[in-house]
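Please look through the sequence and the model below before reading on. The report then takes up a few places in the structure.

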Amino acid sequence: MVEILVNIDVDDLERGVEFYTQALGLEVGRRLETFSAVELTGAGSRFYLLAQAAGTAPNAGSQTRRNYERHWTPVHLDFVVGDLNAAVRRAQAAGATLESESETHEWGRVALMADPFGHGFCLLQFIGRGYDEIVELRKLA
């Protein structure tokens, strides 16, 4: 089985710890001083906040540089919560930005957010059977 570890670059490690513990209720696991990283636990996967200065390259061959203004990426995180409105308020109080009003779908509700480091994420509250509400059952031949 593959284990997923979530790595999030931040330009201020302590500010990142403060945001993710306050906004999402994650807890500090270990501090990995050698890597300038902090492990956060309390979700289905472990999170690692990695201190990386703005303007640095993500790897030796990269032409792009880290930028902590709001940016788009094809990969983002969804956090499933029990009460979307309360979760949005908590995230905003910790420094998140609500990017659009929450939307309701057959499967549940979603709020599009951004953390203080420019990373987009969603808060989801499932309704009924969640994504199973939109799964089409197919007969096996």
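The text below covers the nonpolar core, one arginine and a surface patch.

This is a predicted model, in which local features need pLDDT of at least 70 and side-chain atom pairs count only at pLDDT 80 or more, while totals for chains, interfaces and linings use all residues. Residues are numbered from 1 along each chain as its sequence is written, and side-chain values use heavy atoms, leaving out hydrogens and water.

The largest nonpolar core (buried Ala, Val, Leu, Ile, Met, Phe, Trp, Tyr and Cys residues joined through side-chain atoms within 4.5 Å) has 27 residues, and L49, M113 and L123 touch the most other members. Among the elements that give two or more residues to this core are β1 (5-10), α1 (13-24) and β8 (108-114). Beyond its neighbours within four places in sequence, M113 has contacts (heavy atoms within 4.5 Å) that include V88, A91, F121 and L123.

R66 lies in the loop between β4 and β5 (77-80). Helices (H or I, at least four residues) and strands (E, at least two) are DSSP runs, numbered from the N terminus. R66 counts as buried because its relative accessibility is 14%; buried means under 20% relative accessible area, exposed over 50%, and partly exposed in between (1.4 Å probe, protein chains only). The table gives two distances from its side chain.

| Side chain | Partner | Distance |
|---|---|---|
| R66 | D9 side chain | 2.7 Å |
| R66 | A57 backbone oxygen | 2.9 Å |

Y131 lies in the segment after β9. Y131 is partly exposed because its relative accessible area is 39%.

Key:
A polar contact is a pair of N or O atoms within 3.5 Å; within protein, one must be able to donate a hydrogen and the other to accept it, and residues adjacent in sequence count only if both atoms are side-chain atoms.
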